[in-house]
Amino acid sequence: MPELPELDAVVDQLRDRLVGHRLRDFQVVAFSVLKTAEPPHMSLVERELTGVSRRGKFLLLEAEGRFAVTHLALAGWLKLGEAHLSDRPPARSGPLAVRLDFHDGARLDLTEQGKRKGMALWITDAPDSLKRIQRLGPEVDVVTVEEFAEKLGATSSRLKTVLTDQTVMAGIGNAWSDEILHRAKLSPFAAANKLTGEQVTALHTAVQEVLTEVRDALTNVPLDRIKATKKSLFGVHDRAGQACPECGGTVAEVSYVDRSMQYCPICQTGGKKLSDRRMDRLLK
Ligand SMILES: [Zn+2]
């Protein structure tokens, strides 16, 4: 799932290519994606795209005061290209979910791979009134160390859970939380309100460092290369069984039904392997 730094890279590119251009067509190919009936998505046609922004893991396309808000979920992505006169109407069975065509020939496709569909699209004049947006905590990259300490102190949940909880702080998901916890040398299962002041500061620094580094690495990387570039930046995430880049130890994993997380026992848990059973309890 795209997280804050990838979405920031997406925003930059969409802004550069699409802002100032008028929509010629707005096709919702996968109907289940569209979560609102009013205003109709077609009401965006003939409007000019006036802004592209991000809130948490949501992407906002603004057209003269009306917004298309999307959440890409686990397997959603975007493709920026050109429309051609010879193009046939898109197939309903493929990965294409939404297609935006612009008068200058630009085309933005929202695609979703796989069977588990989670992508969502809302059309609204007031994005802040959407429940999913209202629930979001502050953007994690602008949270001060004092505010960060307050958020952690308010919960006994595990760090992995707190960092990825969008209602606490918005923007971090499964991948970068693994990298941030590894950077801070903290266990994903450590209780948030049991950290020392030093550990809180280390974690806050790790959040800012990792996000800045990823953002820098993704600058000017084309949309179709962002996922691969992201993967190349992982130290522990998705690297179970491989050598930890810090200590050379073996990266370990806790996996459950639809997700997994990776960590280095030497760097993060005093050599201790975390058990699946604890993870199961944590998820309840
Ligand atoms: Zn290590």
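This passage walks through the zinc site, the open and closed spaces, and a few backbone oddities of a predicted model.

The zinc site makes a handy starting point. Four cysteine sulfurs hold the zinc ion, namely the SG atoms of Cys244, Cys247, Cys264 and Cys267, at 2.2 to 2.3 Å. The angles among the 4 donor atoms run from 99 to 114°, and the site is tetrahedral. Read along the chain, the donors of the zinc ion keep to the spacing C-x2-C-x16-C-x2-C. Cys244 and Cys267 sit 23 residues apart, so this pair links distant parts of the chain. Cys244 belongs to the loop between α7 (223–232) and β9 (252–256), while Cys267 is part of helix α8 (residues 265–268). Neither end of that pair is out in the open: Cys244 has a relative accessible area of just 3% and is buried, and Cys267, with 12% relative accessibility, counts as buried too. Both calls follow because buried means under 20% relative accessible area.

Next comes the open space. The largest pocket holds about 1100 Å³. Its lining is made up of 36 residues, and those closest to the centre of the pocket are Met1, Lys57, Leu74, Asn174 and Arg259. As for secondary structure, α4 (159–164), α5 (174–183), α7 and α9 (276–283) are the elements that give two or more residues to this lining. Sorted by class, the lining of the largest pocket comes to 13 nonpolar, 9 polar and 14 charged residues. Where does the largest pocket lie with respect to domain 1 and domain 2? The pocket lies between them, because domain 1 (4–134) and domain 2 (140–283) both give residues to its lining.

Then there are the closed spaces. The structure has 2 cavities of 30 Å³ or more. The largest cavity takes up about 50 Å³. Around this cavity sit Phe26, Leu59, Leu61, Ala68, Thr70, Leu78, Val98, Leu100, Leu108, Leu110 and Leu121. Strands β3 (58–63), β4 (66–71), β6 (96–102) and β7 (106–112) each chip in with at least two residues of that lining. By class, the lining of the largest cavity has 10 nonpolar residues and 1 polar residue, with no charged ones.

The second largest cavity encloses about 30 Å³. Its lining is formed by Leu23, Leu44, Leu49, Leu61, Ala63, Arg66, Phe67, Ala68 and Leu100. Here β3 and β4 are the elements that give two or more residues, and β4 gives the most, with 3 residues. The class count for the second largest cavity is 8 nonpolar, no polar and 1 charged. Leu61, Ala68 and Leu100 turn up in the linings of both the largest cavity and the second largest cavity.

A few spots in the backbone also deserve a look. The peptide bond running from Glu38 to Pro39 is cis, with omega near -10°. Pro39 is located in the loop between β1 (23–28) and β2 (51–55).

Two residues other than glycine have a positive phi. In Ala73, phi is near 55°, and in Lys185 phi is about 55°. Ala73 sits in the loop between β4 and β5 (76–82), whereas Lys185 belongs to the loop between α5 and α6 (197–218). How buried or exposed is each of the two? Ala73 has 9% relative accessibility and so counts as buried. Lys185, in contrast, has 43% relative accessibility and therefore counts as partly exposed.

The loop between α5 and α6 also carries Lys194. With a relative accessible area of 66%, Lys194 is exposed, because the cut-off for exposed is over 50%. Although Lys194 and Ser156 are 38 residues apart along the chain, their C-alpha atoms are separated by 7.5 Å.

Key:
Residues are numbered from 1 along each chain as its sequence is written. This is a predicted model: local features need pLDDT of at least 70, side-chain atom pairs count only at pLDDT 80 or more; totals for chains, interfaces and linings use all residues. Side-chain values use heavy atoms; hydrogens and water are left out. Donors are N, O and S atoms within 2.8 Å of the metal (3.2 Å for Na, K and Ca); water is not among the atoms, so sites may look incomplete. Four donors count as tetrahedral if all angles lie between 85 and 135 degrees; four count as square planar and six as octahedral if opposite donors are over 155 degrees apart and all others between 65 and 115; anything else is irregular. Helices (H or I, at least four residues) and strands (E, at least two) are DSSP runs, numbered from the N terminus. Buried means under 20% relative accessible area, exposed over 50%, partly exposed in between (1.4 Å probe, protein chains only). On a 1 Å grid over the protein atoms alone, a cavity is a set of points where a 1.4 Å probe fits but cannot get out, and a pocket is an open set with protein on both sides within 12 Å along at least five of seven lines; lining residues have an atom within 4 Å of a point. Grid points are joined across faces, edges and corners, and a volume is the space filled by probe spheres set on the points. Ala, Val, Leu, Ile, Met, Phe, Trp, Tyr, Cys and Pro count as nonpolar, Asp, Glu, Lys and Arg as charged, and the others, Gly among them, as polar. Domain bounds come from an automatic or database domain assignment.
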